[in-house]
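Trainee: I would like to learn how helix packing and salt bridges are read from a set of coordinates. Please take one feature at a time.

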Amino acid sequence: MKLFSENIEDLRTLYIANLKKALDMEQKITKALPTMIEKSTDPQLASAFRNHLTETQGHVAKVESILRDATNGNADTSTCKAISALVTEAEDNIKDAADPSIRDITLIASAQQVEHHEIAVYGTLRTWAELLGDDDAADLLDSILDEEKNADELLSTISDSVNTTAAETKTTTTTSV
């Protein structure tokens, strides 16, 4: 239940409201990634998650900086409902996947859903920063966007081998019965 309205009257207000959600999003991802690292059995996948955790911590700092500049020092967050739902879904899927190779596939799928949301968020924020004439923020947001796209591409590459392993496990289990 929302207790008060953001009172969005213009693009700048919308931009700041969404920066607050982006900060919340990155903070939640920072909290979720250690579990994903722990639950990964594929070494490449665990390494990708560890690297992305470091990047995500940098994203938190960048978004905080942009938000402080945009609000004269205030870096409050606003709940990102979309990322909350994606993290909950990922946690449920991790619990439901008993087989390690299936869990790795689940981790990749969940992570890519998060990446796709982040790509949409940062593409939008970058465009709004450009429209508002904040070139420094646009550059920072573009650098985050590039890292999110690279993370998604890496997950796609890793999924090629992890998906094959999971499919072979399923085939072996089925034909052994």
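The dialogue below goes through helix pairs and then salt bridges in this predicted model.

Trainee: How are H2 and H4 oriented to each other, parallel or antiparallel?

Mentor: Start from the angle between the axes; under 35 degrees counts as roughly parallel. Helix H2 (residues 43-71) and helix H4 (residues 100-131) pack at about 25°, with axes 13 Å apart. H2 and H4 are therefore roughly parallel. Their crossing is left-handed.

Trainee: Which residues of H2 and H4 meet?

Mentor: On the H2 side they are Leu-45, Phe-49, His-52 and Val-63. On the H4 side they are Asp-104, Leu-107, Ile-108, Ala-111, Glu-115, Glu-118 and Tyr-122. Sorted by class, the contact of H2 with H4 has seven nonpolar, one polar and three charged residues.

Trainee: At what angle do H1 and H4 pack?

Mentor: Helix H1 (residues 11-39) packs with H4 at about 160°, and the two axes are 10 Å apart. Angles over 145 degrees count as roughly antiparallel, so H1 and H4 fall in that class. H1 passes H4 in a left-handed crossing. The contact of H1 with H4 has 17 nonpolar, two polar and five charged residues.

Trainee: How many salt bridges does the count come to?

Mentor: The test is a side-chain nitrogen of Lys or Arg within 4 Å of a carboxyl oxygen of Asp or Glu. By this rule there are three salt bridges. One of them joins Lys-28 to Asp-24, with the closest N and O atoms 2.9 Å apart. Lys-28 and Asp-24 are four residues apart in helix H1, so about one helical turn separates them.

Trainee: Is Asp-24 buried or exposed?

Mentor: Under 20% relative accessible area counts as buried. Asp-24, at 10%, is therefore buried, whereas Lys-28, at 24%, is partly exposed.

Trainee: Which residues are joined into one network by salt bridges that share partners?

Mentor: Take the bridges of Arg-126 in turn. Arg-126 pairs with Glu-130, the closest N and O atoms being 3.9 Å apart. Arg-126 and Glu-130 lie four residues apart in helix H4, or about one helical turn. Glu-130 is partly exposed, at 44% relative accessibility. Arg-126 also forms a salt bridge with Asp-142, at 3.0 Å from N to O. Asp-142 lies in helix H5 (residues 135-176) and Arg-126 in helix H4, so this pair ties together parts 16 residues apart in sequence. Asp-142 is partly exposed, with a relative accessible area of 26%. The network thus consists of Arg-126, Glu-130 and Asp-142.

Methods
Residues numbered from 1 in each chain as written. Predicted model: local features only at pLDDT ≥ 70, side-chain atom pairs only at ≥ 80, totals over all residues. Heavy atoms only, no water. Axes fitted to C-alpha atoms, helices over the stretch in contact; angles between N-to-C directions. Helix = DSSP H or I, 4+ residues; strand = E, 2+ residues; numbered from the N terminus. Parallel < 35°, antiparallel > 145°, perpendicular 65-115°, else oblique. Left-handed = near helix turned anticlockwise from the far one by under 90°. Contact = heavy atoms within 4.5 Å. Nonpolar A, V, L, I, M, F, W, Y, C, P; charged D, E, K, R; others polar. Buried < 20%, exposed > 50% of the residue type's maximum accessible area, 1.4 Å probe, protein only.
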